[in-house]
Amino acid sequence: MSDHRPDKPDRFPFSFDPRYARLLAALGIRPSTAGVLVGPGTLRVRFGPWLVETPLANIAGVETTGPYTAMKAVGPHISLADRGLTFGTNSRSGVCVRFREPVRGGDPLGLIRHPGLTLTVADPAALADRLSQRL
């Protein structure tokens, strides 16, 4: 991450594990189509054809998490337990973002709202720190 400027979004790329690159590419998820932008005032996550966008004020909490099992963490996943959404590119580590009001992003019609979003970015600690500045 570069130095934070309030007038310019900070970009956090996903960390792609080469073992899953072909599978993710078949879903339209590549380094060029996936990333996290923070600011000004907005969290915007693009994961191939999936998009989550919400005001930073909607973030209730942030924590680094992992490791995960690949079956639950690689690709787009919706938890059957709590409707949490995962945008995963590796099974090592990521950031779990909890929202005050659930967000759209896991289904094409936006019918399912997600109370949390896990992101396997290249620098989970930096993203968690940047998002925590708003809490």
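**Entry 1. Helix H3 and its cover**

I began with the surroundings of helix H3: the cover over its buried residues includes strand S1 (10-12), S2, S3, S5, S8 and S9. I note at the outset that the model is predicted. Which residues of H3 are buried? I listed Pro124, Ala126, Leu127, Ala128, Arg130 and Leu131.

**Entry 2. The nonpolar core**

I next looked up the largest nonpolar core and found that 30 residues belong to it. Within this core, the residues with the most contacts are Val36, Leu43, Val45, Phe87, Leu119, Leu127 and Leu131. I then recorded the elements that supply at least two residues each to this core: strand S2 (34-38), strand S3 (42-47), strand S4 (50-55), strand S5 (59-65), S7, strand S8 (94-103), S9 and helix H3 (124-132). In soluble globular proteins, nonpolar side chains tend to be buried together.

I chose valine 36 for a closer look. Which residues does valine 36 contact, leaving aside its neighbours within four places in sequence? I found Asp10, Arg11, Phe12, Phe14, Leu43, Arg44, Val45, Leu119, Val121 and Leu127.

**Entry 3. The largest pocket**

I turned to the largest pocket, for which I noted a volume of about 190 Å³. Its lining has 13 residues, and Ser79, Asp82, Gly84, Thr86 and Thr118 are the closest to the pocket's centre. I sorted the lining residues by kind: five are nonpolar, six are polar and two are charged.

Three strands each give at least two residues to this lining, namely strand S6 (75-78), strand S7 (85-88) and strand S9 (114-119). Which of them gives the most? I found that S9 does, with four residues.

**Entry 4. Salt bridges**

How many salt bridges are there? I recorded five and examined several of them in turn.

In one of these salt bridges, the side chains of aspartate 17 and arginine 19 meet at 2.7 Å, N to O. I compared the exposure of the two partners. Arginine 19 is exposed, because its relative accessible area of 60% lies over the cut-off of 50%. Aspartate 17 is buried, because its relative accessible area is 6%, which is under the cut-off of 20%.

In another salt bridge, glutamate 53 pairs with arginine 44, and the closest N and O atoms are 2.9 Å apart. I noted that glutamate 53 is partly exposed, at a relative accessible area of 45%. Arginine 44 also counts as partly exposed, at 30% relative accessibility.

I also looked up the salt bridge between arginine 98 and glutamate 63, where the closest N and O atoms are 3.6 Å apart. This pair links distant parts of the chain, with arginine 98 in strand S8 and glutamate 63 in strand S5, 35 residues apart. Arginine 98 is partly exposed, with a relative accessible area of 37%. Glutamate 63 counts as partly exposed as well, at 41% relative accessibility. I closed this search with a network: salt bridges that share partners join Asp17, Arg19 and Arg92.

**Entry 5. Backbone details in the loops**

I then followed the backbone through the loops. Where does proline 40 lie? I located proline 40 in the loop between S2 and S3. The peptide bond that leads from glycine 39 to proline 40 is cis, and its omega is near -20°.

I found another cis peptide bond from glycine 66 to proline 67, with omega near 0°. Proline 67 is in the loop between S5 and helix H2 (70-73).

In the loop between S6 and S7 I came to arginine 83. Arginine 83 has a positive phi, about 70°, although it is not a glycine. I noted that arginine 83 counts as partly exposed, at 41% relative accessibility.

**Entry 6. Alanine 70**

My last search concerned alanine 70, which is placed in helix H2. Is alanine 70 buried or partly exposed? I found that alanine 70 counts as partly exposed, because its relative accessibility is 27%, and buried means under 20%.

Leaving aside its neighbours within four places in sequence, alanine 70 is in contact with Tyr20 and Ser91. I checked the distance to serine 91: the C-alpha atoms of alanine 70 and serine 91 are separated by 5.2 Å, while the residues are 21 apart along the chain.

Methods:
Residues are numbered from 1 along each chain as its sequence is written. This is a predicted model: local features need pLDDT of at least 70, side-chain atom pairs count only at pLDDT 80 or more; totals for chains, interfaces and linings use all residues. Side-chain values use heavy atoms; hydrogens and water are left out. On a 1 Å grid over the protein atoms alone, a cavity is a set of points where a 1.4 Å probe fits but cannot get out, and a pocket is an open set with protein on both sides within 12 Å along at least five of seven lines; lining residues have an atom within 4 Å of a point. Grid points are joined across faces, edges and corners, and a volume is the space filled by probe spheres set on the points. Ala, Val, Leu, Ile, Met, Phe, Trp, Tyr, Cys and Pro count as nonpolar, Asp, Glu, Lys and Arg as charged, and the others, Gly among them, as polar. A nonpolar core is a set of buried Ala, Val, Leu, Ile, Met, Phe, Trp, Tyr and Cys residues joined through side-chain atoms within 4.5 Å. Buried means under 20% relative accessible area, exposed over 50%, partly exposed in between (1.4 Å probe, protein chains only). Contact means heavy atoms within 4.5 Å. A salt bridge is a side-chain nitrogen of Lys or Arg within 4 Å of a carboxyl oxygen of Asp or Glu.
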